[in-house]
Amino acid sequence: LSDLKQVSKTDSKVQSKSPYLPADTMVDFLRISDQTIKSGLIRTIYTRKDLIEGWTNTFQIIDQPIIGLVPAAPHIFDSITSKVIEKTTILIDIECNSTNVFIGSKLAELNSHKLPFGYSLYISKNLKESSNNFFERIRNSVNLILSESDEELSQDIFVMGSGLDKLTNQDVILPIGFKNISELRFANYSYLPKKIKIHELISNSIDSNIYSMVSILSSCV
């Protein structure tokens with residue numbers, strides 16, 4: 001959208017790029033301000049309005065103040081490109097029933113794709129086999145997306161999301177070519193439920209989410 005002199009949420013070009021119906025779309029803009037970029041790129045983020053309102057209405061019902069709702073993946077993506085120099089950077093966010101793929105480069109265009117499968121389809125008694133099958137399918141899907149734009153696969157595909165804790169553990173690690181965002185050390189934190197004095201249930205699906213949130217908060221300080 002860099003060719004728009006004045007960016008408006010109601011502009012027909014802006015609305016035409018939304019994956020949702022106009023009446024159910026919330027739009028936000030991030031102007032890429034960097035001296036090395038002469039085109040004045042503006043990143044546009046589209047969100048389903050009913051999804052956001054579902055969250056805000058829930059917070060109002062339980063009488064909790066709303067600080068803000070932040071899409072994690074784009075912020076994590078920018079953190080990655082600030083540390084890793086690649087022509088093309090790839091980040092996947094693994095959810096229960098779907099996987100989001102983000103492809104772009106530093107301070108430039110960022111495209112997202114939703115794959116119609118998540119970790120739930122690959123949960124079995126043999127975690128190693130399930131994990132290998134899932135990430136092999138991810139690799140094939142990413143290669144297919146890249147082939148459409150004549151781009152090459154980067155050295156690493158970065159991984160985040162709650163599904164990461166479902167598909168890996170101390171014995172089953174990520175396959176070669178995939179890297180957990182925690183390895184980039186965006187933030188330092190300690191989550192050791194067994195050592196917490198107050199009663200708390202130990203969760204196997206929270207560690208990656210905590211790291212994502214801490215990383216975003218650290219970048220805002």
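Let's start by reading along the sequence: the protein follows the pattern α-β-β-α-α-β-β-β-α-β-α-β-α. Keep in mind that this is a predicted model. In total there are 6 helices and 7 strands, and the protein has 221 residues, of which 38% are buried. Contacts tell us something about the fold too: among those with a separation of 6 or more, 53% involve residues 24 or more positions apart.

Now look for the sheet. Five strands make up an open sheet with mixed pairing, and their order is S5-S4-S3-S6-S7. Which strands stand at the edges? They are S5 (110-115) and S7 (178-180); each has a single partner strand, so one side of each is left without a neighbour in the sheet. On average, neighbouring strands of this sheet are turned by 25° against each other, direction ignored. Inside the sheet, S3 and S4 run antiparallel and are joined by 6 bridges. You can pick out one pairing by eye: Ile-94 has Thr-99 in S4 as its bridge partner.

Next, find the helices that lie across this sheet. Helix H3, residues 72-83, lies across S3, S4, S5 and S6 and runs at about 145° to S3. Helix H4 lies across S3, S4, S5, S6 and S7, running at about 135° to S3. You can check H3 with a little arithmetic: at 1.5 Å a residue, its 12 residues should span 16 Å, and the end C-alpha atoms are 17 Å apart, which agrees. The buried residues of H3 are Ala-73, Pro-74, Ile-76, Phe-77, Ser-79, Ile-80 and Thr-81.

What about the nonpolar residues? In soluble globular proteins, nonpolar side chains tend to be buried together. Here the largest nonpolar core has 21 residues, and those with the most contacts inside it are Ile-92, Ile-94, Phe-134, Phe-135, Ile-138, Val-159 and Phe-178. At least two residues of this core come from each of these elements: strand S3 (89-94), strand S4 (99-104), helix H4 (127-148), strand S6 (157-160) and helix H5 (163-167). H4 gives the largest share, 6 residues. To see how one core residue fits in, zoom in on Ile-138: leaving out residues up to four places away in sequence, Ile-138 touches Ile-92, Thr-99, Leu-115, Phe-117 and Phe-178. Another core, of 13 residues, lies apart from the largest one; Ala-73, Ile-76, Phe-77 and Leu-184 are among its members.

Finally, let's turn to charged residues. Side chains of opposite charge can pair when their charged atoms come close. How many salt bridges are there? The count comes to 2. One of them joins Arg-139 and Glu-136, with their closest N and O atoms 4.0 Å apart. These two residues are 3 residues apart in helix H4, so they are separated by about one helical turn. Glu-136 is partly exposed, with a relative accessible area of 39%.

Lys-179 and Asp-156 also meet in a salt bridge, at 3.7 Å from N to O. This pair links distant parts of the chain, 23 residues apart: Lys-179 is in strand S7, whereas Asp-156 is in the loop between H4 and S6. What is the relative accessible area of Lys-179? It is 25%, so Lys-179 counts as partly exposed. Asp-156, at 15%, is buried, because buried means under 20% relative accessible area.

Definitions and conventions
Residues numbered from 1 in each chain as written. Predicted model: local features only at pLDDT ≥ 70, side-chain atom pairs only at ≥ 80, totals over all residues. Heavy atoms only, no water. Core = buried A, V, L, I, M, F, W, Y, C linked by side-chain atoms within 4.5 Å. Buried < 20%, exposed > 50% of the residue type's maximum accessible area, 1.4 Å probe, protein only. Helix = DSSP H or I, 4+ residues; strand = E, 2+ residues; numbered from the N terminus. Contact = heavy atoms within 4.5 Å. Pairing = 2+ DSSP bridges. Axes fitted to C-alpha atoms, helices over the stretch in contact; angles between N-to-C directions. Expected span 1.5 Å × (residues − 1). Salt bridge = Lys/Arg side-chain N within 4 Å of Asp/Glu carboxyl O.
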